Every structure is written in structure tokens, then in C-alpha cells.
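Good morning, colleagues. I should like to take you through one structure today, moving from single residues to helix pairs and back again. Please keep the display in view as I speak.

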Amino acid sequence: MVVKSKVPDVHIPEDLSWPQFVFQNFENYGDKTAIVDGPSGRSYTFQQLIQLTRKCGSALTKKGFKKGDVFAIMLPNMPEFPLIYYSTLLIGGIVTTLNPLYTVDEISHQLRDAGATSIITIPLFADKAKQGASNVGINTVYVVGEAENCESLSSLLEDEGEDFPENVEINAREDVACLPYSSGTTGPPKGVMLTHYNLIAEASIVTHDSFMLNNDEPVVLGLLPFFHIFGQIISMSCALFKGGKVVCVPKFEPESFLKVIQDYKVSHAAVVPSIVLFLAKSPLVEQYDLSSLKDLTSGAAPLGGELMNALKERIPSMEWCRQGFGMTELSPTSHVTPFDKIKNGSAGMLLPNLECKVVDIENGDELGPNKEGEICVKGPTVMKGYLNNPEATAQTIDADGWLHTGDIGYYDGDEHFFIVDRLKELIKFKGFQVPPAELESLLISNSAIEDAAVIGVPDERAGELPKAFVVKKTNDRITEEQIIKFIEERVAPHKTLKGGVEFIDKIPRSLSGKILRRELKARVMTRLTTVTENKNNEEEKNVIRSKNPDVEIPDNLSWNEYIFQDFDEYADREAIRDSISDRSYSYRQIKDLSRTISSALNKRGFKKGDVFAMFLPNLPEFPIIYFGVLKAGGVVTAANPLFTTEELAKQLKLADAKWILTVPQLVHRAKEAMQDLGRENVFVIGDVDGCESLSVLLQDDGSSVPDVTVNPKEDIAVLPFSSGTTGQPKGVMLTHYNLVSCGSIMRTEDFLSFSETTVLLAFLPFFHVYGMVAIMSMGLHCGSTIITMSRFERDKFLHALENYEVTHLPAVPPVVFLLAKHPSVDNFDLSYLTEVTNGAAPLGKQVSKALMDRLPLLSSVRQGYGMTELSPVCHMTPAENNKHGSVGCILPNLRCKVVDVETGEALGPGRDGEICVQGPTVMKGYLNNPEATTQTIDNDGWLHTGDIGHYDEDEHFFIVDRVKELIKYKGYQVPPAELEALLISHPAIEDAAVIGVPDAEEGELPMAFVVRKADVTLTEKDVHVFVDENVAAYKKLRGGVEFIDEIPKSLSGKILRRELKDRLKKLSKVESPSGARKRSFKRSVRQNADKKVTNGNSEGVAKTAVGVAPKSSCCLII
């Protein structure tokens, strides 16, 4: 069945070029603002666009640019984009657009393939644009602004305009206007030839009053990139055609994004789902007036109904929250939800002048409503074809003119279309769907690969792992490692080739060319695990000690005395500097000022054993107050700056903190939390009414420095909070001796490599014990220079690495991956960086090697492991024995064993069990919680980490899973017991259980099962609001809430979480059609929940705000 739009066809002009169509009413719009830069306010009127495009067109003509020449635009969204874009088109040229984040190789490829003769960019990207242009013989690079050896756009705009060609003949149906690049349904990126008529047709049908920009003079948000066809055609060109004002947003930054909408009174916005989620859930939104926003359209992925409803509730003035569907090859939109027929989850209805059908993917038969097949579209917006690629064109557009989108979907009885998947034969990895054909098309795009097939191989933990069978091209020597790296750079983590790569001579196929996956699966051999004899000479079987000799640990020094041992020698050398303000302190200043602090605190009644709370981001003043408190005999507890007032008050109460230091931005929370405890000692770095400034303490004359005697093995130095292996956050008592022990063993040869020449970038938070001890304290102990970052921002991070010539970088996997893979890294000189140390999660060897390849002067990429209760490091990768994927070897003075989780038996190499550690870094215990202490530290002094892992024959350790039931959301740990205790405290809740539900993007989402008390009214929304108000953002119930009659428990009262997870799996199978596109538990349960409304209470699952509060047992996760 062929579906046609319910809206009558519209007239499509054939006698205009694309710019003539867009410009046809510009004279009438006159001096109205046409386009403006949101952050700076720089703008052009419609009249200026007419004039300046003529000047630019004249200037380009003088330089020899002629009809059919290709001009490459590599710009972010800015008001100058339409100037060069329409100038090129008006004089008969073709525009190809490039992502400014492309690498030199990617730039060169597109310039060469498109046949570009000119390119324009901004100064930030000028170097790689020049190199890419040079690679293909382009001599002139234009720039918006000024850059060396580039010609400024301003010089083109100064032209008199006398050589503007007035009568360029354009055949609208044949002449190509734009040449964006797309991968289409298969293969590498290809030039998509969109004619002037394609684009005029698109604008004519999409601006129909039923679909887009239905009011006069709309204010349109230019957030989606203009280098992408949607931003270029819909957000920019159609908005200008309708006389709207386009507000450019060069990049998404939450506060400036919201400010732009508020200040410019944006009425229409095209966004992607992550922005919808932000608008629906971020607390920042409440601070801005977004009442002007009437129409929001989302693309790229379906939105859940409850998310759309949440957005409407958040912004009640919004009239329409809709979705659309299309692809570059369709100019680009084919389906949009009409203003008057919104249906949640739908990708929209077919636009006028187009036809659409859903065909059986096996036989091509046309299907009726509610039957899944491939979506095909026909009409005037279908591309002319792929540039110089008739074979790919024929594979995409059939002989009857139908464009096969490669998307699997269906339409319902109202002719609303729904997208469910892209490819069949999905691999199920940890509940997530991995499409083999997507990976196969990527593999075949590699010039060294002749053919490829991907299957799922069984895995006990993950279900299936994607495995590739590859046919190499003749005489090519590509390796398995290179192929895995190739895929990792291009797909999400759950799609990587975790099952490995196998080279074969030929991919088995049927006569019709279909891959015979069953034959490949028959080839897969079960991998046998060989358990080797324990070669450890330890008296106790299977207990591992460091191969390095034990070191002497001073037992007569406090932690601050140990750190300060060589400060007099370091003297006036720079110790710490802030990367933002450039504020810095020398070693002498840190030592002297910390003494001043101890004196000032002593005068204010601070005494030995008092707990001082630090509620700060990473700042240069952190070590001054930290060591000042320790000098006064106090105990430091540090709190996450993202904590809510309630969470902060809870930690302060448990720690019995009598004093707190914070910054002006957080002072209201600090004061409220202290007031809840009946305390008033709030200090602030800066000036705030009602608080004593740190500067006042630093003006003390130092006359009252207390003479405090510290018992290193008994007296607590720091009191971080950790969820441990189970339960709610608890105070971890780390003594001076614990910390001195950790520092001493980390300094062993082959492990910590900090020195007086080291420059450390400290973005991992000092409020976490790893940042506080291993980075800040040990960096200072070794005489290094520490560069602080108060928060991680990619560009500022890279600038800091370059500007401060950073040599050592303690990091976490996402940052290592950024350095290894992100194209923007090429814009910075990181040649001083010699060592990267990774924590929190193991790195794959491909990422490590990719980073080493990218930064050839990098001597090592090392890893470490530990937890707060271990002060915090117990394993590190030796400098001379780096094994990729390993978290390292046990440090000196410590012992480690891997025990069977059922029997407690110590296991040999290669066998997974719980990792246990014994030694002087093991915490004193949990504050006022002997029960939790005994659950974690056994009678023999072994600390049970709650991590599952193994060691190999070389005694390198590998972490594979968790014993504890913490939920891993984006790498952060969410303790179910904490949320359960909170839920049960609600007067309407009888019982509750929390589990993690798999999510393809975030790992796991916390979901609550709730038993209501009898005869009470409690909605899902009530539960969300209650939890949101009491926990940090990363602990929110993003997986949703489900009301049930009883929480399943064992006879001993333990929650049977497996039964709850099985319940979700069954629900997912019932609700998810086979081949559901990128559908996780989250989405399946949510859609089911949309149907379940009883007594006015929605028993669904709602996804809430994406917010992060970094905290982990090992290290900060970005």
C-alpha cells in the first residue's frame, strides 16, 4: 500500500534557483534582523544579506570562481554562514559543508571527493583547513576573522559588487546546489547531490501551515549545525524564507543556550532528544523565562510520551512538542508531526507531494498498517544521486524512483509513522541491541577489507558479544587489533567487537547474496579457560604479594608532616596554580599559610579532633586550608559540591562537623545545612554577607599555632564518605598512618613517577580521596606543579594541557578516550605530556595504543585500582611492565587474594572471585558503624573490596564485575540501599526496592519498585519529586517507578533483586517487537507504562534529568 499525504500537494516553482527562492521576499523584509549571533549579538538584516551576498559573489567572480565550482564551508553556526553560502549559490556555485571538528585526513578526503576549489573556516580551525587544502591543491583558504596566510572574508565583503553575474543560468532540476556528505544506508560517506529543485521542493512542502513555521516572523533557534543539511535547510534557509529571525548558537552550553531563548524570545526550535531531556529535567531551566517557545521539533531518535509530557508541564506555554523523520538524501525531511495531529512516539506524517510505502525486507511486497518493513519514499525531494557513485545510487534509489531509507518502521491506522530499527538480526549484548549490518558496512568501508560479516557469540555474562569475520584484501596485512580500533573509533561502546575478529577466506552467502550467519556460528569454538598453578612463593596458598620489596613506612609523622618534608627545599617554586584565574601559590606560601590557618582556627576555638568540612571545587586554596586543619590536629571531611542541602547536612551530621569552608556559589547550601545542625561557623573563599572570609583567616599573625601531638596509627586525618560494598554512605576513618603508608608505597620505584619537573593537571576532584591524596598531596610531596581545574570542560582542559605544558595527567576512561579519539585534540600541542594514569575502570588495549600512537612522545599509559577504604590505591601498573587492560600489580607492603564468593576459598590465576586486600592502608573502620566495618574487614584484617576480578600468571590484576549491588549510572555508583531507605521514609510508602535497568547510553538507570501503604494516594510523579528533592542528580530514578503489591524477599529478608530484574525482562519481551531499534529496558518499560493508568495514577516508568554528581569508590568518572 502506497501512502500519500493527507495534506493537498503544494505548488513547487521550477523557474527559480534555490537562493532566488529563499530571497524572493527579502526586499519586503528590509531592515528587519535576519540572523544574529546569540552570544555576541552580531547581526545582519535582510537588506544586508542582499547587499553583502552580491559583494561577495562579485569578489569571488573576480577571483575566477565560476558556475559549477565547489566551495567548501567549514564553519560553526554564525551570521556569516549564509553570506558565503548564498553568495556561492547565486553565482552558480555548489556548496559542500564540513564538520569543523573533522581531522585533516577527513577534510582532505571530502575536499578531494567533492572537487572543491575554495574553503572558508574560522581562525581556530585555520591550520587544519590550510593543511587539508594544501593536500588537494587548493591555494586560498578564506577565514571569518584573521589568520596567517589566509584571506579574510571581510576583504570579499569590501568589494563594490560590479562583477556580480546577473544572469547565471540555473537548470533547477539538474544543477546541483548543495553537496552534503552522508553514509546513506551503507558504506563510507558519499556526496549527496541535491539540486536547486530538490531544496525548493523541500522548503515549499515543509513550510506548509500544517507542519513548520506556521506563524509570521518566527524567531528560530539555530542550534543544529548549519554544516548538517537539516540545520542548513530547515533552521536557516526556511526560517529566512519565512521572514524569521535566526538566532545562531555556535555550540550547546546549558546556561548560554537558555539565555539565548529567553533574551531573543525564541519561538521555534529544532533540537535532538538530549536537548529535550535537558529542557524537561534540568533545574537550570527554572531560572529562565522560556515562555516565548511555542514549537519544539525533535529528530534523530523517537521520544517517549512521558518525556514530551514532562516538557509540556515544565514549559506550559509551549503549544507543540513534535517529531520528524528524514535523511540527507531526502533534502532532508519527509515526515513531520502536524500541529493538529500530535501523537507521542510518532516520527510524523508524510509531507505533501511525497509518497511513502513500507516494504517487506525479504520480497519487497508493500505492507499495510502496523506491519514492519523498510520505509521507502518517492517525490521531488529525493536526491539526484551520489556524486560519481552510480552503484551506490542504484542500491538506494530503485528503477521506479523509490528511495530505500534503510530504516525499519511501520505506520498505524492514522498514517502516523514509527521508526523501530534499522537492521535485523540484532545481537543482544547485555540487553542492548547491536545491528550486525551497521558493523559490516563500517568494516567493508575499510580499504584493507574485502568483505565482512558480524555475528553474536555466546557469553556467560553479556549474553552475546559481537564478533567479526573478515576477508582481507589481497596482500593486505591489517591486524585484528587494527580492526577493533577502527570500529571502536566509530561506534558506541556496546557495539564494539568484544567477541574479537577472525580472518577467513570467504564470507559464506546464499545464491541471493545473503550472509549465511548460521555457518559462521558453527565455526565458533568455545573458549577454554586454563587455570595455571599458583607460582607464588607465599606461604599461604594463592595470596599475592608485590614483586617489589616492602618499603619503610614512617610511624612517627603526621600526614601533613610527611607531605611537608621537603617544602623548605622547594621554597619559592610554584606549587599550585588555577587554570582559570592563574592564581598561584609557592611551596613556601602553602606551608606558611597553612600554619596561619591553624593559628586562626585555634583562636576561634578549634581543637584537636574537631571535624572541618570542605565544600569546594578544585581551587589553589584547597591544600592551604586542608593542611592548616591537619596542623591544628583536626579532621578533614570533604563534600561533593553537587550535593543537595539535605545530602550535605546528612554528611555534616554524621561527621559531626563543626566548621565548613565553601565558595560564594555554594554558600546558601552550606549555611542551610549548618543551620539544620544548629551551627554557624561558615567560612567562604571570597566575600559573602554573614560569613567569615578565608582572607580574614589568612591575615592572622600566626601567634597561636597549636602544639598538637598526633598518634599516627590512631588519630584520624581525613573522613571521606563512601558507600563501601553495601548500604548508604559512611564515614571512612583514614588515619595519618594509613595515608603516610599509601604515600610511601606509591613512591616505590616503578610506580608513582611524580618529580620536581612534573606538571600535573588536577581536574579529578580534591573532595574525593583519590584527588586529595594521590594527586594533590603526593604531587606536592614530590615537588611537582599542580594545575587546578574547578570543573571539566573539553576545550579548557585541552588548552590547559597545552598552555601549562602538562607532563602527567591522572585521568579516567572517558578523558583517555577523548585524548585518543577526539578530532579537536589535533588542534593542541600536547608534546609535553609524557604519562597518563587511568583509574575507575580498565582501558582496552586499543584505546591505550591509540593514545600512544596519537601522542608519540607519551612514554606510558598506566592504570591503577583501589577504593576509598584503601587510602585509596592498592594496585598500579609498573612503569616497566605495562599490560593493557590490567589495573596493575599489588603495591609493596600489601597482600592481595581473590576468593570464591560462595566458599571464601583463595583462588589461583585466571579464576574470577572477590578481590581482598590486607595491609597498612586498610582504613581504621567506618565512623560509628562497627557492623558495616565487620562486614567489610574480616577477623584476619582482609578488606573485601566488593569487586570481582582475577590475576594472571604475571600477577597483573583485572577487574571484571561487582559483588555489591551498586547501580552504575554513567560510571557513577548509586547505592540502592540509600534510595530504599529514603523511599521507605516517605509516609505513603510501605516498602521499596531499587534496581538498575540497562540503558545503551548511560549503563544502568535506577528504577524503584514501590509498595504503597493502604488507602493512600501516591503517584509516580509524587515519588520522583520526593527523591529529586533529597538526592544528588545522578541518584535520581531515571529508570522510573513501578507500583507493586509486594517486594520479593528471601527468608532472611534480603531483597530478591533478580526476581525484579526478571520481571522487567519479561515485560521487555512482551512489549518489544523483534528488531526494535535501539530499544533498551528503559524504553520498553516506559512504553508499557504509558498504557497503565489506574485510579489516576500512572504506573509507568519515566526517564528523568541527566545530571551528574561525580563520586566513585575508585576515582571520579567524568
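Let me begin with Tyr386, which lies in strand β21, residues 385–386. This is a predicted model, and that applies to everything I shall say. Tyr386 has a relative accessible area of 2%, and because buried means under 20%, Tyr386 is buried. Along the chain, Tyr386 and Pro189 are 197 residues apart, yet their C-alpha atoms are separated by 9.8 Å.

That pair leads to the chain as a whole. How many helices and strands does the chain have? There are 33 helices and 58 strands. The chain comprises 1118 residues, and buried residues make up 60% of them. If we consider the contacts in the chain with a separation of 6 or more, 69% of them are accounted for by residues 24 or more positions apart.

I turn next to two buried side chains with polar partners. Thr121 lies in strand β6, which covers residues 116–121. Is Thr121 buried or exposed? Its relative accessible area is 0%, so Thr121 is buried. A polar atom of the Thr121 side chain lies 2.9 Å from the backbone oxygen of Met74. Not counting residues up to four places away in sequence, Thr121 touches Met74, Leu75, Ala126, Ala129, Val141, Tyr142, Val143 and Val144. Met74 therefore appears twice for Thr121: as a polar partner, and among the residues in contact, where contact means heavy atoms within 4.5 Å.

The second is Asp700, found in the loop between α23 (694–698) and β37 (716–718). Why does Asp700 count as buried? Its relative accessibility is 15%, and the cut-off for buried is under 20%, so Asp700 qualifies. Which side chain is joined to that of Asp700 by a polar contact of 2.9 Å? The partner is Lys603. In addition, a polar atom of the Asp700 side chain lies 2.6 Å from the backbone nitrogen of Gly702. Leaving aside neighbours within four places in sequence, Asp700 is in contact with Thr596, Ser599, Ala600 and Lys603.

Now to the helix pairs, of which I have chosen three. Helix α4, residues 81–90, packs against helix α9, residues 229–241, at an angle of about 85°, with the axes 12 Å apart. Angles of 65 to 115 degrees count as roughly perpendicular, so α4 is roughly perpendicular to α9. On the α4 side the contact is made by Phe81, Pro82, Tyr85 and Tyr86, and on the α9 side by Gln232, Ile233, Met236, Ser237 and Leu240. By class, these residues divide into seven nonpolar, two polar and no charged.

The second pair is helix α26, residues 794–803, with helix α27, residues 813–821. Here the packing angle is about 70° and the axes are 12 Å apart. α26 and α27 are therefore roughly perpendicular to each other. Arg794, Phe797, Leu798 and Leu801 of α26 meet Val815, Leu818 and Leu819 of α27. The contact of α26 with α27 has six nonpolar residues, no polar ones and one charged residue.

The third pair is helix α30, residues 976–984, with helix α31, residues 1020–1028. These pack at an angle of about 115°, with their axes 11 Å apart, and α30 passes α31 in a right-handed crossing. Leu979, Leu982 and Leu983 of α30 make the contact with Val1023, Phe1026 and Val1027 of α31. This contact has six nonpolar residues, with no polar and no charged ones.

Finally, some points of backbone geometry. The peptide bond from Ser331 to Pro332 is cis, with omega near 0°, and Pro332 lies in the loop between β16 (320–326) and β17 (333–336). Ser871 and Pro872 are also joined by a cis peptide bond, with omega about 0°. Pro872 sits in the loop between β44 (860–866) and β45 (873–876).

Ala571 is not a glycine, yet has a positive phi of about 45°. Ala571 is in the loop between α18 (567–570) and β30 (574–578), and is buried, with a relative accessible area of 13%. Asn928, also not a glycine, has a positive phi of about 55°. The place of Asn928 is the loop between β49 (925–926) and α29 (930–936). Asn928 is exposed, with a relative accessible area of 69%.

Thank you for your attention.

Note on methods. Residues numbered from 1 in each chain as written. Predicted model: local features only at pLDDT ≥ 70, side-chain atom pairs only at ≥ 80, totals over all residues. Heavy atoms only, no water. Helix = DSSP H or I, 4+ residues; strand = E, 2+ residues; numbered from the N terminus. Buried < 20%, exposed > 50% of the residue type's maximum accessible area, 1.4 Å probe, protein only. Polar contact = N/O pair within 3.5 Å; in protein donor to acceptor, adjacent residues only side chain to side chain. Axes fitted to C-alpha atoms, helices over the stretch in contact; angles between N-to-C directions. Parallel < 35°, antiparallel > 145°, perpendicular 65-115°, else oblique. Nonpolar A, V, L, I, M, F, W, Y, C, P; charged D, E, K, R; others polar. Left-handed = near helix turned anticlockwise from the far one by under 90°.
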